[in-house]
Amino acid sequence: MSESEIRATVLGILTRIAPEADLTALDPDVEWQDQLDLDSMNLLTMMVDIERATGVTVPERDYPKVSTLNSCVAYLMSRTPVAQ
Amino acid sequence: MPVLGADMERGTLSRWRVTEGDHVTKGDIIADVDTDKATMEVEVFETGVVERLLVQEGETVPVGTALAVLVAAGETAMAASPSPVLAPSGDRAAAQPVRVEASPLARRLAAKLGVDLDAVRGTGPRGAITRGDVEQAASAVSAATPPATPPATPVAALSVAVPAESPPARATPPTPAPAESLPPPATAVAAHAPVPASTHGADADRRAAMRRATGALMARSKQQIPHYYLGTHIDLGHALRWMEEANLERSVAQRLIPAALLLKAVGRAARDVPQMNGFCVDDEFRIVDGVHVGVATSLRGGGLIAPAIHDVDQKSLDQLMEDLRDVVERARTGTLRSSQMSDPTITVTNLGDQGVETVFGVIYAPQVALVGFGRVIERPWAENGLLGVRRVVHATLSADHRVSDGHIGGRFLSAISNYLQEPASL
């Protein structure tokens, strides 16, 4: 997947989890848990959806590495087959 | 109309999912009901045939009103005699043919007020006698002499059920006295679905109605329940390490989150300390057999709802995760089921994800206890003369002094802590 595809995928997942959020106002370098009022169940759902959409499994210890839009995209880019 | 929360007085039947003559099986969803808080799915608690629908789509009726008549397969109640009106599941009585059609609520009210139902003209669906008809008849009879007893408080009822062969019923909480200023029912909009511009007004109305309903319930709780509060810091180090190790062996979808461990610990502690688990009405406490934990869930876009996870103390962590995911998802998409809203016996609220350290909760009447959890934070922790850093959560208890005192409440919090020190046993 390309970077833009991964970014669109992540934003799509966020839209499903937080449909009321204005993602155009999302700061890609600020933790989305604070911006989108996500709870731990939301985050788990997000990880499930990310794995389903990209094939990348994010271990719990790496959650801090995927806590912003930009860091999440970079993390997934480094682990998707095309990127490698 | 089932009671779908202690603050619910009435509901709007928004959609029937069955028609007369349909065969239904226990657990089937037969209708959608709109309340001030959400749209919920009404389940049927017995297998049978829908003989008659008593409430029309779009009709708003008080809780306790019979929605439909369900008969056992093969019964022919329609053939000769008037159709049976089902007793509410709260009574757990067999359906009995009756001479006059009246909702269970109207029937009980009539008995209490001394109104002869044979003399009352029904204005409900197909001439059924409603609560309003009974009240009107009572006021007409006693225009000069007011009744000695006040009008009855609505009682909890799940109207579409044939409970004769039911297993022991889940406790159905008594409905508290109606608030004087409860909001009118609002047009429900799925809390989570993207809202088209044309429905923003309705959504805002629903949120306002939900806020008023929550406010009314909480005000009543604070006025009527003598709260006391306790708090303790719990070392979650063992529990979280155990969970993290367990998650390494699990798929992403099967991972545990701390909330599941906390819920299970509360469930088991409530089993150990039954004074925390049940309902108090008119200063009388009723211990409930099952531990059904209400999970305070914030709705995206605003609002609060507390659906129940049943028999928490009996379930595995995996099952609790599944149930937790289900109730949260349903709460946020407006698809809760009636069974999930009718009978929590204790409530847990967890605001840790919002950064809150300590929760001072308001008891969800007629329950008698609410447990609050804050954020898990690293703290200096002294134990056996050694100082270390531990992951700690502040657990609080709001409890009802009519039922327990601080000593018992302290035992309850200690039990929660003790269970969390042995996570493998949860």
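In the next few minutes I will go through chain A, its contact with chain B, and one buried residue of chain B. Please keep in mind throughout that this is a predicted model.

Let me begin with the overall make-up of chain A, which has four helices and zero strands, so that reading along the sequence gives the pattern α-α-α-α. Of its 84 residues, 27% count as buried, and among the contacts in chain A between residues at least 6 apart in sequence, 59% join residues at least 24 apart.

Now to a pair of helices. The axes of α1 of chain A, residues 3-17, and α3 of chain A, residues 40-54, come within 10 Å and cross at roughly 140°, and because angles over 145 degrees would be needed to count as roughly antiparallel, the two helices are oblique to each other. The crossing in which α1(A) passes α3(A) is right-handed. On the α1(A) side the residues that meet α3(A) are A:Ile6, A:Thr9, A:Ile13 and A:Ile17, and their partners in α3(A) include A:Thr45, A:Met46, A:Asp49, A:Ile50 and A:Ala53. By class, the residues of this contact divide into six nonpolar, four polar and one charged.

Staying with α3(A), one can check its length: at 1.5 Å a residue, its 15 residues should span 21 Å, and the C-alpha atoms at its ends are indeed 21 Å apart, so the two values agree. Its buried residues are A:Met41, A:Asn42, A:Leu44, A:Thr45, A:Met46, A:Met47, A:Ile50 and A:Thr54, and what covers them includes α1 and α4 (69-77) of chain A, together with α6 (317-333) of chain B. Just after this helix, A:Gly55 takes a positive phi of about 80°.

That cover from chain B brings me to the contact between the chains, which takes 12 residues from chain A and 17 residues from chain B. The residues on the chain A side divide into six nonpolar, two polar and four charged.

Finally, a residue in chain B: is B:Leu420 buried or exposed? B:Leu420 lies in helix α8 of chain B, residues 406-420, and it is buried, because 26 other C-beta atoms lie within 10 Å, where 20 or more are required. Leaving aside residues up to four places away in sequence, B:Leu420 touches B:Ile234, B:Leu236, B:Ala239, B:Leu261 and B:Ala265. As for B:Ile234, it is 186 residues from B:Leu420 in sequence, yet the two are 8.2 Å apart in space, C-alpha to C-alpha.

Definitions and conventions: Residues numbered from 1 in each chain as written. Chains lettered and ligands numbered in written order. Predicted model: local features only at pLDDT ≥ 70, side-chain atom pairs only at ≥ 80, totals over all residues. Contact = placed C-beta atoms within 7 Å. Nonpolar A, V, L, I, M, F, W, Y, C, P; charged D, E, K, R; others polar. Axes fitted to C-alpha atoms, helices over the stretch in contact; angles between N-to-C directions. Parallel < 35°, antiparallel > 145°, perpendicular 65-115°, else oblique. Left-handed = near helix turned anticlockwise from the far one by under 90°. Expected span 1.5 Å × (residues − 1). Buried ≥ 20, exposed ≤ 12 C-beta atoms within 10 Å, placed from the backbone.
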